[in-house]
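Good morning, and thank you for coming. I would ask you to keep the structure on the screen in view while I go through it.

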Amino acid sequence: MTDLSIVIPTYQRCDSLRQVLLACAGQTLPPERYEVIVAIDGSNDETISMLAQFDAPYHLRWTNGPNAGPGAARNRGAALAQGDVILFLDDDIILTAEALAEHLAGHEAGGDVVCLGQVQVWPERPLSHWEQYLNQRYDEHYAKMNQ
């Protein structure tokens, strides 16, 4: 049973994508509960070769289409999703080990939910202003919850 489908659009970011996939492999959620779908957006770098050689403990699939932007790539990936919940990631977002388990716990708690955690991007790229703002808000919320 696949509870969670992770859809990752990518374009010309083979190195950071590999780091994202490695973070997905280090999850506390058992790998049989999630799948990863990489939606290649017309990349002509080594992405397909890397994916073909990547030894994932989870079910890994990919789709390749013409460069049409991340939205179109996400849609292609979502069309392949078999999980009950779809989590969209970017190709430079590094998950903490508990991220998927916590994400599913939020959904299992009931109701319509949006799960937001602290954003850690591939170290080669600094945080944008928006990502810094989200991290600050997450830290404030987490601190209130643990008082």
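Let me begin with a question: are Tyr34 and Tyr58 buried or exposed? Both Tyr34 and Tyr58 are buried. Please bear in mind that this is a predicted model.

These two residues also bring us to the aromatic pairs, of which the count is one. The ring centres of Tyr34 and Tyr58 are 5.5 Å apart, and the ring planes meet at 35°; that angle is neither under 30 degrees nor over 60, so the pair is classed as tilted. The pair connects distant parts of the chain, with Tyr34 in strand S2 and Tyr58 in the loop between H2 and S3, 24 residues apart.

I turn now to the sheet. Four strands make up an open sheet, ordered S3-S2-S1-S4, with parallel pairing. At the edges are strand S3, residues 59–65, and strand S4, residues 85–88, each of which pairs on one side only. On average, and ignoring direction, neighbouring strands of this sheet are turned by 20° against each other.

The pairings can be followed individually. S1 and S2 run parallel and are joined by seven bridges; Ser5 has Glu35 in S2 as its bridge partner. Strand S1, residues 4–10, also pairs with S4 in the parallel sense, over four bridges. There, Ile6 stands opposite Leu87 in S4.

How many of the eight residues of S2 are buried? The count is eight of the eight, so S2 is largely enclosed by the rest of the structure. In a regular strand, side chains alternate between the two faces of the sheet. In S2 both faces are covered: Tyr34, Val36, Val38 and Ile40 are buried on one side, and Glu35, Ile37, Ala39 and Asp41 are buried on the other.

Next, the helices. H1 lies across S1, S2 and S3, and its direction is at about 170° to that of S2. Helix H3, residues 70–80, lies across S1, S2, S3 and S4, at about 145° to S2. The length of H1 can be checked: at 1.5 Å a residue, its 12 residues should span 16 Å, and the end C-alpha atoms are indeed 16 Å apart, which agrees. Buried residues in H1 include Cys14, Leu17, Val20 and Leu21. Among the elements that cover the buried residues of H1 are S1, S2, helix H2 (47–53) and S3.

Beyond H1 comes the loop that leads to strand S2, and in this loop we find Gln27. Gln27 has a relative accessible area of 9%, which is under the 20% limit, and is therefore buried. What does the side chain of Gln27 reach at 3.0 Å? Its partner is the backbone nitrogen of Leu100. A polar atom of the Gln27 side chain also lies 3.0 Å from the backbone oxygen of Ala23. Leaving aside neighbours within four places in sequence, Gln27 is in contact with Tyr34, Leu95, Thr96, Ala97, Glu98, Ala99 and Leu100.

I close with Pro70, in helix H3. With a relative accessible area of 47%, Pro70 is partly exposed. Not counting residues up to four places away in sequence, Pro70 touches Pro9 and Asp41. Pro70 and Asp41 are 29 residues apart along the chain, while their C-alpha atoms are separated by 7.0 Å. Asp41, as we saw, is one of the buried residues of S2.

Note on methods
Residues are numbered from 1 along each chain as its sequence is written. This is a predicted model: local features need pLDDT of at least 70, side-chain atom pairs count only at pLDDT 80 or more; totals for chains, interfaces and linings use all residues. Side-chain values use heavy atoms; hydrogens and water are left out. Helices (H or I, at least four residues) and strands (E, at least two) are DSSP runs, numbered from the N terminus. Buried means under 20% relative accessible area, exposed over 50%, partly exposed in between (1.4 Å probe, protein chains only). A polar contact is a pair of N or O atoms within 3.5 Å; within protein, one must be able to donate a hydrogen and the other to accept it, and residues adjacent in sequence count only if both atoms are side-chain atoms. Contact means heavy atoms within 4.5 Å. Two strands pair if DSSP finds at least two bridges between them. Axes are lines fitted to C-alpha atoms, for helices over the stretch in contact, and angles run from 0 to 180 degrees between N-to-C directions. The expected span of a helix is 1.5 Å times one less than its number of residues. Rings of Phe, Tyr and Trp (its six-membered ring) pair if their centres lie within 6.5 Å; planes under 30 degrees apart count as stacked, over 60 as edge-to-face and the rest as tilted.
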